[in-house]
Amino acid sequence: MIILFWMITVLSVVIDRITKYIAESGISEGQLIRAITLGDTDILAFSMHKNTGAAFSSFTGKTMALAIVTAIAMVLITVYFHKQKHKHPLMTVSFGLIVGGGIGNFIDRVFQGYVTDFIRLFPFNFIFNFADICVVFGAILLIVFYLFIEGKYMKQFEEEKSNEQ
């Protein structure tokens, strides 16, 4: 499971970097590129935004503080994951996505002083990036794991362990 965690983490960072590079190369600030429309509604559009804050532009201007908090969180999550004796695949994927997304935005904050956001999706009225998608999707998977799977998984593991003895 450790290899899966690192594969997902690295793949998330690579895809994030590639998509941000493409967006930065092809979209100028203020430009709106409509990808999918339904009537007058933009279902999927691309628009460049330099976000010096966090989600929903909260903590605007606190880029370095956010970078430090992100770095600490990514280290803590990675250590927590590695210390888990029983790594379920869903937990592994969720932690890999969260860490990969965190690293993707961390790289932006440290090297650019802002996070590159460029994806607009209806009905949401905000702009985000692939790293944000990884963090949110990873968090949702983690919630699903802890609410619906973890108890059964640990019970099964304990039963298998007691049967071996």
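These are my notebook entries on a predicted model of one protein chain.

**Ground rules**

I number residues from 1 along each chain as its sequence is written, and my side-chain values use heavy atoms, with hydrogens and water left out. Since I am reading a predicted model, local features need pLDDT of at least 70 and side-chain atom pairs count only at pLDDT 80 or more, while totals for chains, interfaces and linings use all residues.

**Confidence**

I looked up pLDDT, the predictor's confidence in each residue, from 0 to 100. The chain has a mean of 91, and 97% of its residues reach 70 or more. Among the elements, α1 has the highest mean pLDDT (97), and helix α4 (residues 130-164) has the lowest (86). A reminder to myself: where pLDDT is low, the predicted coordinates should not be read in detail.

**Overall layout**

I took helices (H or I, at least four residues) and strands (E, at least two) as DSSP runs, numbered from the N terminus. That gives 4 helices and 4 strands, in the pattern α-β-β-α-α-β-β-α along the sequence. The C-alpha atoms fill a box of roughly 65 × 40 × 25 Å along the principal axes.

For burial I used relative accessible area: buried is under 20%, exposed is over 50%, and partly exposed is in between (1.4 Å probe, protein chains only). Of the 165 residues in the chain, 35% are buried.

I then counted contacts (heavy atoms within 4.5 Å). Of those with a separation of 6 or more, 66% are between residues 24 or more positions apart.

**The sheet**

Two strands count as paired if DSSP finds at least two bridges between them. On that basis the 4 strands make an open sheet in the order β1-β2-β3-β4, with antiparallel pairing. β1 and β4 stand at the edges with a single partner strand each, so one side of each has no neighbour in the sheet.

I walked across the sheet from β1. It is joined to β2 by 6 bridges, and R34 has A45 in β2 as its bridge partner. Another 6 bridges join β2 to β3, where A45 is partnered by R120. From β3 to strand β4 (residues 127-128) I found 2 bridges, with R120 opposite I127. β3 and β4 form a hairpin with 5 residues between them.

How much of strand β3 (residues 115-121) is buried? I found that 5 of its 7 residues are, so β3 is largely enclosed by the rest of the structure.

**Helix α2**

I checked the length of helix α2 (residues 63-83) first. The expected span is 1.5 Å times one less than the number of residues. For these 21 residues that comes to 30 Å, and the end C-alpha atoms are indeed 30 Å apart.

Next I listed its buried residues: T63, L66, A67, T70, M74, T78 and F81. Seen down the axis, they fall within an arc of 100° (taken from the directions from the helix axis to the C-beta atoms), so they line one face of α2. They pack against α1 (2-26) and α3 (89-112). The face turned away from the buried side carries the exposed residues I68, V69, V75, L76 and K83.

**Salt bridges**

My cut-off was a side-chain nitrogen of Lys or Arg within 4 Å of a carboxyl oxygen of Asp or Glu. The whole structure has 5 salt bridges.

I started at K20. Its side chain meets that of D16 at 2.9 Å, N to O. Both residues lie in helix α1, 4 residues apart, about one turn of the helix. K20 also forms a salt bridge with D108, whose closest N and O atoms are 2.8 Å apart. D108 lies in helix α3 and K20 in helix α1, so this pair ties together parts 88 residues apart in sequence.

Are these residues buried or exposed? K20 and D16 are buried, and D108 is buried too. I also noted that D16, R17, K20 and D108 are linked in a network of salt bridges.

One more pair caught my eye: K50 and E29, with closest N and O atoms 3.8 Å apart. K50 is in strand β2 (residues 41-51) and E29 is in the loop between α1 and β1 (32-38), so the pair ties together parts 21 residues apart in sequence. K50 is partly exposed, with a relative accessible area of 40%.
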